[in-house]
Amino acid sequence: MYILGISAFYHDAAAALIRDGEIVAAAQEERFSRVKHDLEFPARAIEYCLKEAGITMEDVDYVGFYDKPLLKFERILETYLSYAPKGFKSFLQAMPVWLKQKLHIRELISKELGFHGKKIIFPEHHESHAASAFFPSPFREAAFLTVDGVGEWTTTSYGVGKDNRVELQASIRFPHSLGLLYAAFTYYCGFKVNSGEYKLMGLAPYGEPKYVDLIKDNLIDIKEDGSYRLNVDYFEYPVGLRMVGKKFSRLFGRPPQRPEATMTQFYMDCARSVQDVTEEVLLKMARHVHRETGMENLCLAGGVALNCVANGRILREGPFKEIWIQPAASDAGGALGVALFVWHQYLGNERKVTEGKDSQKGSYLGPAFDNQEIEHFLKEIKADYEYVPDEELPRKVADLILEENVIGWFQGRMEFGPRALGARSIIGDARSPRMQSIMNLKIKFRESFRPFAPAVLRERVADFFETDYASPYMLLVTDVLPEKRIPMPDPDRLGGLLEEQKERLRREVKELQEVNRLEDAGKVEKQIGNEDYLRFRTIIHQVRSAAPAITHVNYSARLQTVTREDNPAYYDIIKIVDERTGIPIIVNTSFNVRGEPIVCTPEEAFRCFMRTKMDYLVLGNFVLDKKKQQEWKEEFDWMEEFTLD
């Protein structure tokens, strides 16, 4: 029996296909449309899932849609009516889309997919999240906690999963939303909502929690059990086109940060403050859920479950023995959740659990391309490449990493979820003090404060970090061991360090001018005399451990633990690096530039490779050296192709 799950029309549209309860394929629409966080009906993702299984829609028995559109429409309509006449402009924008499309999902699925006369199932949004958290988990029974912006009415829920059922026990309803509180600060600090929240989390360690009391006194009332209420007078999101308005800005004494503006200490302190408040709420919730359910294990889903700093604290400080987080925790995961919900809960099929192992298959659930397809493409574009056999490839790549090269690594099935996990990754030497800056500014073209993740051998994780817990999906943050840390320099040395940063900036200006990025060069040049910015840069560029490229300003790191079982070639690369250096870690970041979805095809990987200052590209068994490729020309400024997040 085949069941297709679909999520669409809010953000991160996706499709997932299961066969007799086993996950066959899952992918976000953005990977095919090349529109980041694409919300449209996932026609391309569905086409891929069917192709992966070798079937057509005629073979599909059930389709599940991840929420109840009528219930969501009820919430939107009631909210607008309760705030009227405020929000009329937003109402006029929202209604035509709902009346033409979103209210008619059943008809749309039947028409778009030719799915006539068969069952289409609509669970509630947070039931889909709960199903995505529990059913693929390695637990026979567990509590679950789902936290996001908003589904239909629910923004937060908890309950219990046992065998083949999930049961919601309690919830918090819109407009009270921890996800929307965090999104409001994402917007206030100059980042894009439903896209830039992870930037806010990365920015937080540079700040101090100066505004925690201000937030708790004015914006959110937190109870001891983790339940909360927001003071909606300070927010515009219920009916406005923005997250916050003038009252919010007056409370903090400043307007929202302009996108792309130089980051100041004030906004760093705001980021830290809301991060601390979010962690407090989630920890209190976790303790309450443990008391109420009596479960030893916890499963997490919903967009807030991507806050890996909070997840790390729940694991370390919470009462649960083990936790498991859905890798595609946001709405994309709802497509997988609803498919599993239909199989287990609606149809009552048995759920089989392998002790200690989830059924997510490493989240390698997207398209793969074999060597024949890759070589055909490379010959077509007249690329210069070298074929390297399987047994030699990890050693070849490890050699390149240890020579401080940056490598595009494209292997096997694409990851499902927002994290690159060694299938569509850019990798490098974690020991290099230059690697964070090189990757951020010359390859990803993104803010210099952004940290990179370590991919670390599972059996060696406790030798470098303050944990021995598996984190295969890069959803837990922990700290570098104290004995591996390098203390920050004496403040008396600050003058000399600022001069070093000025010289670095001058070099950056020159490099940007050489590649004709004159506008960016001008922006960097202006910062040479900005002492606050120079201090910020000084902090960023300090060597903080034996693996400085993955050690954040507060000595933390977002871990991906790697096993040979899940990804043999990737594991072998790290193993060879460890044997040669004693450091069982490489840098891993997603294979894309800023604003671009992670690459899906060999063509997209090659294009990204040529547009950036990556040194090598590995496509399957083919290794490409940038220096040996033909000159790369494009008819337009490709950096305008992707909307910045």
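Contact, as the word is used in these exercises, means that heavy atoms lie within 4.5 Å of each other. The structure above is a predicted model, and each exercise asks you to find a feature in it before you read the solution.

**Exercise 1. The cores**

Find which residues Phe252 is in contact with, leaving aside its neighbours within four places in sequence, and then place Phe252 in its core.

Solution. Begin at Phe252 itself, where the contacts beyond four places in sequence are Phe185, Tyr188, Tyr211, Leu214, Ile215, Leu219, Phe266 and Cys270. Next, widen the view to the largest nonpolar core, which has 121 residues, and in which Phe252 is among those that touch the most other members, together with Leu181, Phe185, Leu219, Ile220 and Phe235. The largest share of this core comes from helix 11 (residues 265-293), which gives 13 residues. Finally, look for another core that lies apart from it, made of 41 residues, including Val406, Phe410, Phe445 and Ile585.

**Exercise 2. One side of a helix**

Determine which residues of helix 15 (residues 393-402) are buried, and work out how they are arranged around the axis.

Solution. The first step is to list the buried residues of helix 15, which are Leu393, Pro394, Val397, Ala398, Leu400 and Ile401. The second step is to look along the axis: these residues cover an arc of only 160°, and therefore they lie on the same side of helix 15. A general rule helps here, since an α-helix has 3.6 residues a turn, so residues three or four places apart point the same way. The third step is to ask what this buried set packs against, and the partners are strand 14 (407-410), strand 15 (424-428), helix 20 (568-581), strand 19 (585-590), strand 20 (616-619) and strand 21 (622-625). Just after helix 15, you can also find Glu404, which takes a positive phi of about 70°.

**Exercise 3. A sheet of 9 strands**

Trace the order of the strands in the open sheet of 9 strands, identify its edge strands, and describe how helix 15 and helix 21 pack on it.

Solution. Reading across the sheet, the order is 13-21-20-14-15-19-16-18-17, and the pairing is mixed. The edge strands are strand 13 (386-387) and strand 17 (476-479), each of which pairs on one side only. At one of these edges, strand 17 pairs with strand 18 (residues 556-562) in the antiparallel sense over 4 bridges, and Ser556 in strand 18 is the bridge partner of Asp479. Helix 15 packs on the sheet, where it touches strand 13, strand 14, strand 15, strand 19, strand 20 and strand 21, and its direction makes about 155° with that of strand 14. Helix 21 (residues 602-611) also packs on the sheet, touching strand 14, strand 20 and strand 21, with a direction at about 175° to that of strand 20.

**Exercise 4. A sheet of 5 strands**

Find the order and the edge strands of the open sheet formed by 5 strands.

Solution. The order is 8-7-6-11-12, with mixed pairing, and the edge strands, each pairing on one side only, are strand 8 (165-173) and strand 12 (322-325). From one strand to the next, the twist averages 20°. Within the sheet, strand 6 (residues 141-147) and strand 7 (residues 154-162) run antiparallel and are joined by 7 bridges, and for Ala142 the bridge partner in strand 7 is Gly161. Helix 12 (residues 308-317) packs on this sheet by touching strand 11 (297-301) and strand 12, and its direction makes about 160° with that of strand 12.

**Exercise 5. Salt bridges**

Locate the salt bridge between Glu236 and Lys86, and decide whether Glu236 is buried or partly exposed.

Solution. The closest N and O atoms of Glu236 and Lys86 are 3.7 Å apart. The pair links distant parts of the chain, 150 residues apart, with Glu236 in the loop between strand 10 (228-230) and helix 10 and Lys86 in the loop between helix 3 (69-83) and helix 4 (88-100). To judge burial, recall that buried means under 20% relative accessible area; Glu236 has 18% relative accessibility, so Glu236 counts as buried. Lys86, at 44% relative accessibility, counts as partly exposed. For comparison, the side chains of Asp221 and Lys223 meet in a salt bridge at 2.9 Å, N to O; Asp221 is partly exposed at 37%, and Lys223 is partly exposed at 42%.

Terms used
Residues numbered from 1 in each chain as written. Predicted model: local features only at pLDDT ≥ 70, side-chain atom pairs only at ≥ 80, totals over all residues. Heavy atoms only, no water. Core = buried A, V, L, I, M, F, W, Y, C linked by side-chain atoms within 4.5 Å. Buried < 20%, exposed > 50% of the residue type's maximum accessible area, 1.4 Å probe, protein only. Helix = DSSP H or I, 4+ residues; strand = E, 2+ residues; numbered from the N terminus. Arc of directions from axis to C-beta. Pairing = 2+ DSSP bridges. Axes fitted to C-alpha atoms, helices over the stretch in contact; angles between N-to-C directions. Salt bridge = Lys/Arg side-chain N within 4 Å of Asp/Glu carboxyl O.
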